[in-house]
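The exercises below ask you to read contacts and accessibilities from a model, and each one is followed by a solution in steps. Please try each task on the structure before reading on.

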Number of protein chains: 2
Amino acid sequence: MVTKTEYTIQQVAEITGLSGHTLRYYERIGLLSSVVRAANGHRRYTDDTIREIEFLNKLRATGMPIREMQHYAELRRQGQSTLAERQAMLKSHHAVVTEQLRLLQEYLKVIEYKIALYQKLQEEQQHESTSVGS
Amino acid sequence: MVTKTEYTIQQVAEITGLSGHTLRYYERIGLLSSVVRAANGHRRYTDDTIREIEFLNKLRATGMPIREMQHYAELRRQGQSTLAERQAMLKSHHAVVTEQLRLLQEYLKVIEYKIALYQKLQEEQQHESTSVGS
DNA sequence: CTACAACTTTGAGCGCACTCTAAGTCAAGG
DNA sequence: CCTTGACTTAGAGTGCGCTCAAAGTTGTAG
């Protein structure tokens, strides 16, 4: 006998870090396909859906706009005929994130420089007050 | 004779990539100190201010909230007595960005994995249609 | 039987960071 | 003189991504 593990919205919220509100919102706008219902109308999530959500979370965390994710989800719903297009989307997003990463690293260096500068200024300040004090 | 180069809001907009609207907004909310005025009331920006704006842009691009930048600008206005606190802010922000960078890299790898997976699926699809066709 | 908790829906509200509008001032050119 | 255009202000509006509220249903425990 095959027992599929199913999860309530609460459980999925805890697992994925999204709120119940957000999970319903994602479903409403078409980001999540096929969330089945229990007899009482409550949502029952499967492991598959959880994996789907976790991938969506990674797209979001890397800055993909909701609009684009909706398009991606729509393609997924259309089946394997859209594999190439989905791959192209991911490649394009990959390029964007890579550039974003490059910039972040560059700016991080500027911040490091500034921290070092503040260090120097503080030491000079220290030195002055010491020589005045003596 | 010392001739300080000054810039109009238009010029600063072009240089910094911010719109004139945003430059005025930043000043209003206290991000920019000491923007002097020409006789007719128009803003005149100095090289110093431009450098200030460009640093603010890097803080924004690395995800620092406006609120925090306001605090930073406020400390700057209070003079060198706040050097240590400003340095602490930058250090804390540095840590946040570093973690963000780590996550981005991790998620980028997941995206790469998915791109490769889609590649494989497409090749399998290709193969099937070929064998059916023959 | 009743209370309660967990869910459901639709639609409104919110925080952030801008972005734009309206009405007015001013200097230069025709 | 009059238009044009770049600027000024205060305040309203926008888009994004949630987040919450209200009203209703269902299942379980006392």
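**Exercise 1. Classify R76(B) as buried, partly exposed or exposed, and describe the salt bridge that its side chain makes.**

Solution. In this predicted model, R76(B) has a relative accessibility of 26%. Buried would require a value under 20% and exposed a value over 50%, so R76(B) counts as partly exposed. The next step is to look for the partner, and the side chain of R76(B) meets that of E52(B) in a salt bridge, with 3.8 Å from N to O. R76(B) belongs to helix α4 (residues 66-77) of chain B, while E52(B) belongs to helix α3 of chain B, and the pair therefore ties together parts that are 24 residues apart in sequence. The last step is the accessibility of the partner: E52(B) has a relative accessible area of 13%, and is therefore buried.

**Exercise 2. Find the salt-bridge partners of R51(B) and E106(B), and state where each pair lies in its helix.**

Solution. It helps to recall first that side chains of opposite charge can pair when their charged atoms come close. For R51(B), the partner is D48(B), and the closest N and O atoms of the two are 3.1 Å apart. Both residues are found in helix α3 (residues 47-61) of chain B, where a separation of three residues amounts to about one turn of the helix. R51(B) has 52% relative accessibility and counts as exposed.

For E106(B), the partner is R102(B), with the closest N and O atoms 3.4 Å apart. This pair lies in helix α5 (residues 83-133) of chain B, with their positions four residues apart in the numbering, again about one turn of the helix. E106(B) is partly exposed at 38% relative accessibility, and R102(B) is likewise partly exposed, with a relative accessible area of 43%.

To place these pairs in context, a search of the whole structure gives 14 salt bridges over all chains. Some residues are joined in a network, and in chain A such a network of salt bridges links E27(A), R37(A) and R43(A).

**Exercise 3. Describe the protein surface around DNA strand C, beginning with its residues and ending with its phosphate contacts.**

Solution. Begin with the count: 18 residues surround DNA strand C, and the closest are Q10(A), R24(A), R43(A), Y26(B) and I66(B). Of the atoms of DNA strand C that come within 4 Å of the protein, 66% are accounted for by sugar and phosphate. By class, the surface near DNA strand C is made up of five nonpolar, seven polar and six charged residues.

Now turn to the phosphate oxygens. The side chain of R37(A) has an N or O atom 3.1 Å from a phosphate oxygen of DNA strand C, and the side chain of R60(B) also places an N or O atom 3.1 Å from a phosphate oxygen of this strand. I66(B) makes its approach through a backbone N or O atom, which lies 3.3 Å from a phosphate oxygen of DNA strand C. The elements that give two or more residues to this surface are α1 (9-16) and α2 (20-28) of chain A, together with α2 (20-28) of chain B. Of these, α2(B) gives the most, with five residues.

**Exercise 4. Repeat the analysis for DNA strand D.**

Solution. Around DNA strand D there are 18 residues, of which Y26(A), Q10(B), R24(B), R28(B) and R43(B) come nearest. Sugar or phosphate makes up 73% of the atoms of DNA strand D within 4 Å of the protein, and the rest belong to bases.

The phosphate contacts can then be taken one by one. An N or O atom in the side chain of R24(B) is 2.9 Å from a phosphate oxygen of DNA strand D, and a polar side-chain atom of R37(B) lies 3.1 Å from a phosphate oxygen of the strand. I66(A) contributes a backbone N or O atom, 3.4 Å from a phosphate oxygen of DNA strand D.

Finally, assign the surface to elements: α2 of chain A, and α1 (9-16) and α2 of chain B, each supply at least two residues. The largest share, five residues, comes from α2(A). The surface near DNA strand D has five nonpolar, seven polar and six charged residues.

Terms used:
Residues numbered from 1 in each chain as written. Chains lettered and ligands numbered in written order. Predicted model: local features only at pLDDT ≥ 70, side-chain atom pairs only at ≥ 80, totals over all residues. Heavy atoms only, no water. Near = heavy atom within 4 Å. Polar contact = N/O pair within 3.5 Å; in protein donor to acceptor, adjacent residues only side chain to side chain. Nonpolar A, V, L, I, M, F, W, Y, C, P; charged D, E, K, R; others polar. Salt bridge = Lys/Arg side-chain N within 4 Å of Asp/Glu carboxyl O. Buried < 20%, exposed > 50% of the residue type's maximum accessible area, 1.4 Å probe, protein only.
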